[in-house]
Amino acid sequence: MKFQVLLSLVTVAAGIPSAQKLDRPVKPPLKPLVIDSLSTFAPSGRPGSSIYSFFNVSFTDVEFNNTTVQCGTRWTFGEEEDIAWTRKNTDCLIKPKSKTVGEWSFQLLKPTASGEGASLLNNFMLHLRHDWTSGVHVATQKFNFDGERNIGGMCSASGTCQFGLWEGVERPYLVPQFRLER
C-alpha cells in the first residue's frame with residue numbers, strides 16, 4: 001500500500017501521462033537492478049562543438065538471468081530539452097539477445113511536479129520499464145548532484161559538462177524493481 005501511494009505520487013509529480021500510469025505493483029519486490037554505469041553529457045554550445053547532449057545507462061537485471069542492458073538517448077543541445085523529458089526511449093541493447101527477453105525502455109522524468117531545479121545532467125528521475133511475455137517490471141530512481149549525492153561531475157571552463165554515477169556511491173548501486181499487474 002505504501003508503495004502504491006509513493007508510486008502514485010511519483011507518477012503525478014513526474015507528469016507521466018495518465019495512459020502510462022504505473023499502478024498496482026505486485027508484492028514482493030523483485031531482485032533489484034544493478035546500475036553498472038550512468039553518464040550524462042552536454043556540449044559547450046560553442047561553434048564547431050557537438051550539437052548533441054547525451055544520456056547513457058548500463059545495468060544488469062539479476063531477476064532476469066543476469067541480462068545486461070545498455071540504453072541511451074541524445075537530443076539537440078539547447079533546443080530539444082522539453083522533448084527529452086518524458087519521451088519513451090527504446091534504444092536499448094540487450095545481452096544475451098533472446099526473443100524471451102522482451103523490450104526495455106526508459107524515460108527521464110523531472111524530479112518534482114513543478115520541475116524546479118530539474119536538469120537532464122544532474123537532477124532527474126530515471127524510470128526503467130521491462131515489457132516481456134510474462135509481465136511488466138519497473139524501476140524508478142532519482143539521481144541528484146545535491147540531495148541524494150548519487151551522481152557527480154562538473155562543467156569545464158569551456159562549458160562542456162559531464163556527470164556520472166558518483167564515485168562515493170556504494171557499489172553495486174541497486175535500484176528496487178517491481179512487477180506490475182497488467
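This report walks through the fold, the core, the charged residues and the backbone details of a predicted model.

## The chain as a whole

Let us start with the overall layout. The protein chain holds two helices and ten strands. Read from the N terminus, its elements follow the order α-β-β-β-α-β-β-β-β-β-β-β. Of the 182 residues in the protein chain, 43% are buried. Contacts across the sequence deserve a look too: taking those in the protein chain between residues at least 6 apart in sequence, 51% link residues at least 24 apart. The accessible surface of the protein chain is about 9,800 Å², and carbon and sulfur atoms account for 53% of that surface.

## Strand β6 and its partners

Strand β6 is a good place to begin a closer tour. It spans residues 123–132, and because nine of its ten residues are buried, the strand is largely enclosed by the rest of the structure. 

On one hand there is its pairing with strand β5, residues 103–109, which is antiparallel and uses seven bridges. Within this pairing, Q107 sits opposite H127 of β6. On the other hand there is strand β7, residues 135–144, which runs antiparallel to β6 and is joined to it by ten bridges. Here L128 faces A139 of β7 as its opposite residue. The link between β6 and β7 is a hairpin of two residues.

As background, side chains in a regular strand alternate between the two faces of the sheet.

R129 also belongs to strand β6. Its C-alpha atom is 8.6 Å from that of Q107, although 22 residues separate the two along the chain.

## The nonpolar core and its surroundings

Which residues have the most contacts inside the largest nonpolar core? They are L38, F55, F59, F124 and L126, in a core of 34 residues. 

F59 shows what such a position looks like in detail. Leaving aside residues up to four places away in sequence, F59 touches L33, V34, I35, D36, T67, T68, V69, C71, W104 and L128. 

S53 is worth a stop as well. This residue lies in strand β2, which covers residues 52–61. With a relative accessibility of 2%, S53 counts as buried. Its contacts, again not counting residues up to four places away in sequence, are F41, A42, P43, T73, R74, W75 and F77.

## Charged residues

How many salt bridges does a search of the whole structure find? The search finds one. It pairs D131 with R129, and the closest N and O atoms are 2.9 Å apart. The two partners fall into separate accessibility classes: D131 has a relative accessible area of 19% and is therefore buried, since buried means under 20%. R129, with a relative accessible area of 23%, is partly exposed.

D61 offers another case to consider. This residue lies in strand β2. D61 is buried yet has no salt bridge, and the nearest side chain of opposite charge, K31, is 8.8 Å away. What does D61 touch, not counting residues up to four places away in sequence? Its contacts are L33, N66, T67, W104, H130 and Q177. 

## Backbone details

Some backbone values may catch your eye when you check the geometry. In general, most residues other than glycine have a negative phi, and most peptide bonds are trans. 

The table collects two residues with positive phi.

| Residue | Phi | Loop | Relative accessibility |
|---|---|---|---|
| N65 | near 55 degrees | between β2 and β3 (67–76) | 67%, exposed |
| T86 | near 70 degrees | between α2 (81–84) and β4 (92–95) | 31%, partly exposed |

Neither is a glycine: the phi of N65 is a positive value in a residue other than glycine, and that also holds for T86.

Where does P172 lie? It is in the loop between β9 (161–165) and β10 (173–180). The peptide bond joining R171 and P172 is cis, with omega at about -5 degrees.

Note on methods
Residues are numbered from 1 along each chain as its sequence is written. This is a predicted model: local features need pLDDT of at least 70, side-chain atom pairs count only at pLDDT 80 or more; totals for chains, interfaces and linings use all residues. Side-chain values use heavy atoms; hydrogens and water are left out. Buried means under 20% relative accessible area, exposed over 50%, partly exposed in between (1.4 Å probe, protein chains only). Helices (H or I, at least four residues) and strands (E, at least two) are DSSP runs, numbered from the N terminus. Two strands pair if DSSP finds at least two bridges between them. A nonpolar core is a set of buried Ala, Val, Leu, Ile, Met, Phe, Trp, Tyr and Cys residues joined through side-chain atoms within 4.5 Å. Contact means heavy atoms within 4.5 Å. A salt bridge is a side-chain nitrogen of Lys or Arg within 4 Å of a carboxyl oxygen of Asp or Glu. Lys and Arg count as positive and Asp and Glu as negative; His and the chain ends are not counted. Accessible areas come from the Shrake-Rupley method with a 1.4 Å probe; for residues, only the protein chains shown count as cover.
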